[in-house]
Every structure is written in structure tokens, then in C-alpha cells.
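Student: I am new to this structure and would like a friendly tour. Could you show it to me before we start?

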Amino acid sequence: MVEIKGLEKFAPLDFPGFISATVFLGGCNFRCPFCHNADLVLRPEALDTIPLDYFITFLESRRDWLEGICVSGGEPLIWDDLEVLLRLIKDRDMLVKLDTNGSRPDRLADLIGSQLVDYIAMDVKAPLHKYKQVTRSDVSEEDIARSVEIVRKCELPYTFRTTVVPGLVGEKDLLEIAQMLHRAKRFQLQQFSRRNTVDKIFAQVDPYPEETINRLAELVKPYFDEVRVEGI
Ligand code: SF4
């Protein structure tokens, strides 16, 4: 059964335009060294699981004013029964925002087709040729490309997101990503956080200065309808 490892009962920034909360599911099929959710990714079994009954009671108690739930991770799509969780939310007339790393395009398409998702935030970790290196996983680049097209072509609002990390994902990579996503509606450039990283070496890496992040955002603006910066 899908395991909820964290619940942020009020997460005003996570679901653009809606009063929302966020659930964090344990486990991920990537090992991005800069990931700041090390416990969720590497040691989910060491974290308490929030009982589904508790989550249902939470949804019921907030039904009158909570508009949406952000389902995040880890990677939510690794859970085969994710639909169960999403239906609990949708049955209470709340919207679902799904955060995903894009590695499971068929699952993503199924959830969209079943109308269980209302907003998609897909991380684009690197240019396709660097994906295995940046995610330290055996990801299929073809699957990532398919997810990009699924998100781009679906009728739902969406955001593609990239975290820039000195020494790993820099300006050249960002431009390649922007070219791949060219004409996508929304792109979010994310500052790297060195708290609780999957690879402890990245706790020593200084994030790009704010002016660099802003310059990179300007650089990719021509490729998208809208570019946002997060984390500075
Ligand atoms: S940053 Fe990478 S390792 Fe961390 S949750 Fe996202 S996809 Fe998984």
C-alpha cells in the first residue's frame, strides 16, 4: 500500500493558485546526489508511515477550505496503487497536483487519462545525454522524452522544473534543457539546497549566487511562455 511519510498540512506555495497541503511519499528510483530529501529517498523505512485513516480524517476535516493536495516524494509514480490515494483526494472534490521525475510515462498517461491529476510538475534533471550521470540511475532517456511530450500535450496546467547545481547542472545544460522543452508553457528554475543531500559531498557545494540564478532565468526566458525562479 502506498506509504505517506510526511504531511505538510498547509503548503501555500506548493500548488500555484490553490489553498493546498502536501503529502510526501517514500522511495525514489533516482539517486540525484544533490537531492535534499535523503531520508525519503534512501531510508524511507526508517520514517514513520502516516496511516491512511489519519489522512482521510485530515481530508474530511479540511474539506470546506482546502482546494488541493500536492502529491510529492520521493517519486509518487513508483507506487502501483497510487490511484487509491488520488481517488481519496478527488472523491472529496479536491484537486491533485502531481510532482514527478518523469521516469514512468505509461503510469503518468494512465493517471491523466483517468482524470486523477489536475496539475503536473515534472522535474527535468538534465539534458537527456546526461540523465544517467545526474540521477545516478539506470533511467531510460526515451522514457523521460516520452513524459515530456505527454506533459506538453496534455490539456492540464503544468510546470517543468530544473535545479541548477554547480559542477553538475550548469548554464550549458540549462540551455540544452530549454531547447528540448522549447515553447513549453511554464518553466521553473530552482536553486539547489545543500541541506540533507543524498550524497554528503554536495553539502559542501556552494549554490549559485542569486545574481547567477537570475541571469540564467533571463537566458532561458525566450524559450518559454513563463519562467519562475524558486529558492532564492
Ligand atoms: S531529487 Fe532525484 S532522488 Fe530526490 S526525490 Fe527527486 S528524483 Fe528522487
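Tutor: Gladly; one definition comes before the ligand: a residue is near a molecule if one of its heavy atoms lies within 4 Å of it. This is a predicted model, in which local features need pLDDT of at least 70 and side-chain atom pairs count only at pLDDT 80 or more, while totals for chains, interfaces and linings use all residues. Residues are numbered from 1 along each chain as its sequence is written, and side-chain values use heavy atoms, with hydrogens and water left out.

Student: Which residues surround the ligand?

Tutor: Using that 4 Å limit, we can list the shell around the ligand. Its members are Cys28, Phe30, Cys32, Cys35, Val41, Gly74, Asn101 and Lys125.

Student: How many residues of that shell are nonpolar?

Tutor: Ala, Val, Leu, Ile, Met, Phe, Trp, Tyr, Cys and Pro count as nonpolar, Asp, Glu, Lys and Arg as charged, and the others, Gly among them, as polar. By that rule one residue of the shell is charged and two are polar, and the nonpolar ones number five.

Student: How many residues of strand β5 are buried?

Tutor: Strands (E, at least two residues) and helices (H or I, at least four) are DSSP runs, numbered from the N terminus. Buried means under 20% relative accessible area, exposed over 50% and partly exposed in between, with a 1.4 Å probe and protein chains only. Tyr119, Ala121 and Asp123 point one way from β5, Ile120 and Met122 the other way, and all are buried. For β5, residues 119-123, the count is five of five.

Student: Which residue stands opposite Ile120 of β5?

Tutor: Two strands pair if DSSP finds at least two bridges between them. Strand β4 (residues 95-100) runs parallel to β5, with four bridges joining them. Opposite Ile120 stands Leu98.

Student: And which residue of β6 is the bridge partner of Asp123?

Tutor: β5 is also joined to strand β6 (residues 158-164) by four bridges, and these two run parallel. The partner of Asp123 there is Arg161.

Student: In β8, what is the bridge partner of Gln188?

Tutor: Here we turn to strands β7 (residues 186-191) and β8 (residues 226-230), which run parallel and are joined by five bridges. Gln188 has as its partner in β8 Arg228.

Student: Is Pro157 buried, exposed or partly exposed?

Tutor: Pro157 sits in the loop between α6 (141-153) and β6. Its relative accessible area is 36%, and buried would need under 20%, exposed over 50%. Therefore Pro157 is partly exposed.
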